[in-house]
Amino acid sequence: RAKGLKTDQALWDRVVEMLGIGQLLKRYPVDLSGGEKQRVAIGRALLAEPKVLLLDEPLASLDHTRRLEILPYLERLRDHTDLPILYVSHSVSEVARLANQVVLLDRGQQIKTGTVTEVFADPTISQFVGPADLGSVIFAKLVKTHEDGVSELKTSGGTIFVNQSVSQSDAAIRVRIRAQDVMLSLTKPTGISALNSLSGTICGIEMGQGNGVLVQLRCGDDVILSRITERSRRQMDLTVGMPIFAVLKTVSMAQDDIGFNQ
């Protein structure tokens, strides 16, 4: 234990178990990976029993593999403590996966505030997060993980498949869907390789950066964004209120775009 750090055994055991650091306690800091060092640092902060936990770019120094390693522990921290957490990051994928409430800032000015689903489904934030990172967040439940490793999820708008084995059947699964990965169809698609097709209604159309157009679709209770060209919008004669189908490739949803809520 750290010198000068006084805590009760129950809190110590809970922090060690939650962050999965039991096997790290007898090792020297020099022998820890970047992700392990971050987990230990978070543990030290929790043992001080703070009223608020500030995590300022906690994963910025880690490579992609180490970030994926520590994200589940941050989800556990969010879901299994009553501690308010202020998570500061430039990473859209981290915020979309971890945050419940989002405050979007640009040069010190508040741009947008709301739930994670409200903020990331708003096409007007595209100029601040960039077209490549723009995408909506939806919540789902696991139906089944198939033998080929593809997981079947139930959303409010229908069933989708993700190219990832999901084992937490009791958890709410949050999925980030990038706007650039969502194709639109006027009719129900058939004979295509994409496994995911959700029916919905166009609820908003906004001009994006360059020649892009951002189309908001309401599928069940969820709002999904699609980024298409202005030429496609004209050819399809898209208007608000029109029924539409959103088409999404299973492989387009990366591992860091799928998170869990207990």
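These exercises work through a pocket, two cores and two residues of a predicted model.

Residues are numbered from 1 along each chain as its sequence is written, and side-chain values use heavy atoms, with hydrogens and water left out. In this predicted model, local features need pLDDT of at least 70 and side-chain atom pairs count only at pLDDT 80 or more, while totals for chains, interfaces and linings use all residues.

**Exercise 1. Describe the largest pocket and its lining.**

Step 1. Take the volume: about 880 Å³. A pocket here is an open set of points, on a 1 Å grid over the protein atoms alone, where a 1.4 Å probe fits, with protein on both sides within 12 Å along at least five of seven lines. Grid points are joined across faces, edges and corners, and the volume is the space filled by probe spheres set on the points.

Step 2. Find the centre. Of the 31 lining residues, Tyr87, Val88, Ser89, Val95 and Val103 are closest to it. Lining residues have an atom within 4 Å of a point.

Step 3. Assign elements. β3 supplies the largest share, six residues. Among the elements that each give at least two are α3 (64–80), β2 (85–88) and α4 (92–98). Helices (H or I, at least four residues) and strands (E, at least two) are DSSP runs, numbered from the N terminus.

Step 4. Sort by class: 22 nonpolar, six polar and three charged.

**Exercise 2. Place serine 89 and list its partners.**

Step 1. Serine 89 lies in the loop between β2 and α4.

Step 2. Its side chain reaches the backbone nitrogen of serine 91 at 2.9 Å.

Step 3. Beyond four places in sequence, serine 89 is in contact (heavy atoms within 4.5 Å) with Glu57, Glu94 and Val95.

**Exercise 3. Identify the central members of the largest nonpolar core.**

Step 1. A nonpolar core is a set of buried Ala, Val, Leu, Ile, Met, Phe, Trp, Tyr and Cys residues joined through side-chain atoms within 4.5 Å. Buried means under 20% relative accessible area (1.4 Å probe, protein chains only).

Step 2. The core has 29 residues; those touching the most other members include Leu153, Leu184 and Leu217. Strand β11 (residues 212–219) gives the most, four residues.

Step 3. A second, separate core holds 25 residues, among them Val15 and Leu74.

**Exercise 4. Is isoleucine 244 buried or exposed?**

Step 1. Locate isoleucine 244: strand β13 (residues 243–248).

Step 2. Its relative accessible area is 1%, so isoleucine 244 is buried.

Step 3. Check its surroundings. Its C-alpha atom is 5.3 Å from that of leucine 186, 58 residues apart along the chain. Beyond four places in sequence, its contacts include Leu184, Leu198 and Met236.

Conventions:
Nonpolar A, V, L, I, M, F, W, Y, C, P; charged D, E, K, R; others polar. Buried < 20%, exposed > 50% of the residue type's maximum accessible area, 1.4 Å probe, protein only. Polar contact = N/O pair within 3.5 Å; in protein donor to acceptor, adjacent residues only side chain to side chain.
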